[in-house]
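Hi there,

Here is the structure I promised to pass on to you. Have a look at it first, and then read on for what turned up in it.

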Amino acid sequence: MDAQATQRLQCSTLMQFERLGRKHSDSVKLNRGFRESKKLRVFFSANWQSAKPSPSGRKTTPIEASRSYNNFPASILESGGFQDPLDEELILKNKSQEIKPYVNGRCIYLVGMMGSGKTTVGKVLSQVLNYSFHDCDDLVEEDVGGTSVADIFKLYGEGFFRDKETEVLKKLSPMHRLVISTGGGAVVRPINWKYMHKGISVWLDVPIEALARRITAVGTNSRPLLHYEAGDAYTRTLTRLSALFEERGEAYGNANARVSVENIAAKLGHRDVSDLSPTVIAIEALEQIEAFLKGEGGFYGGY
């Protein structure tokens with residue numbers, strides 16, 4: 001074979017953990033999530049060139065190999081399947097590749113209370129799914145000449161803002177391959193659900209107390225609906241958020257999938273939901289989307 005010729009090798013090796021349990025100098029370290037899955041399928045993709053003599057006279061064969069992993073536990077969070085950011089990124093990528101063909105380009109709408117992390121988690125999802133990301137509040141601000149949401153409320157009132165929000169959702173509804181962060185109150189108008197249900201809607205459900213702490217820490221100046229209560233910043237925010245959730249809680253239940261960060265924290269042994277990374281929440285979002293797709297008969301059945 002010509003010295004410059006290259007070939008591509010693909011092989012699949014199934015390793016049993018019982019065999020890896022013995023002590024060897026070249027042993028493989030695997031975290032708890034992988035150990036509990038019992039099996040790990042490793043796909044090697046290697047490029048090599050024909051052997052060339054080395055200075056010592058021996059023939060050497062340079063190889064470049066990459067690998068990917070399948071057969072994660074069926075429920076990643078139940079098994080505590082990751083312990084560091086590298087695990088999180090790997091699991092997120094694996095899950096996104098698994099469900100992407102069945103999402104079939106449909107938009108993903110994130111709904112939830114203000115401060116629930118829709119924008120942050122939305123950007124993580126858009127990146128891993130290779131979607132574009134849009135924030136409804138930003139699009140409304142652009143439509144009103146760059147006026148901030150807080151100033152729109154002051155100058156024109158909440159009704160004007162909600163009308164603009166509905167216009168934005170209507171424009172986005174026929175599009176594909178978007179992750180969209182909606183405003184906290186977008187769920188109260190039935191017409192908005194008509195547009196959002198053309199895609200897949202996901203409710204990020206965060207405890208009110210956690211939202212109040214989060215919003216108080218960064219300030220409420222950009223939150224016009226939080227400026228009507230008396231008391232210290234936290235109490236004022238908690239009181240208003242509680243009232244808003246009473247108005248919207250049932251409407252959030254119209255979402256196709258629900259991500260409870262409280263449940264995630266409990267599964268992973270965290271006392272505070274603030275300890276959860278956006279990547280972990282994104283993983284759960286994809287798992288809940290998968291459950292929804294299976295429920296509607298679209299998963300594994302194709303479109």
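The surface that this protein exposes comes to about 16400 Å², and carbon and sulfur atoms supply 48% of that area. As for the inside, 44% of the 303 residues count as buried.

Please keep in mind that this is a predicted model. The pLDDT, which is the predictor's confidence in each residue, averages 77 over the protein, and 65% of the residues score at least 70. Two stretches deserve caution. Residues 1–52 have a pLDDT below 50, although the model gives this stretch 108 contacts beyond near neighbours in sequence. For residues 59–75 the pLDDT is below 50 as well, with 50 contacts of that kind in the model.

Now to the fold. If you count the secondary structure, you will get twelve helices and ten strands. Take the contacts between residues at least 6 apart in sequence: 71% of them join residues at least 24 apart.

What about the interior? In soluble globular proteins, nonpolar side chains tend to be buried together. Here, the largest nonpolar core has 66 residues. Helix H12, residues 278–295, gives the most to this core, with nine residues.

Which residues have the most contacts inside the core? They are Val111, Leu125, Val202, Leu241, Ile281 and Ile289. Try zooming in on Val202: leaving aside residues up to four places away in sequence, Val202 touches Ile108, Tyr109, Leu110, Val111, Ala255, Ala257, Val259, Ala285 and Ile289.

Enjoy exploring!

Best wishes

Notes:
Residues are numbered from 1 along each chain as its sequence is written. This is a predicted model: local features need pLDDT of at least 70, side-chain atom pairs count only at pLDDT 80 or more; totals for chains, interfaces and linings use all residues. Side-chain values use heavy atoms; hydrogens and water are left out. A nonpolar core is a set of buried Ala, Val, Leu, Ile, Met, Phe, Trp, Tyr and Cys residues joined through side-chain atoms within 4.5 Å. Buried means under 20% relative accessible area, exposed over 50%, partly exposed in between (1.4 Å probe, protein chains only). Helices (H or I, at least four residues) and strands (E, at least two) are DSSP runs, numbered from the N terminus. Contact means heavy atoms within 4.5 Å. pLDDT is the predictor's confidence in each residue, from 0 to 100. Accessible areas come from the Shrake-Rupley method with a 1.4 Å probe; for residues, only the protein chains shown count as cover.
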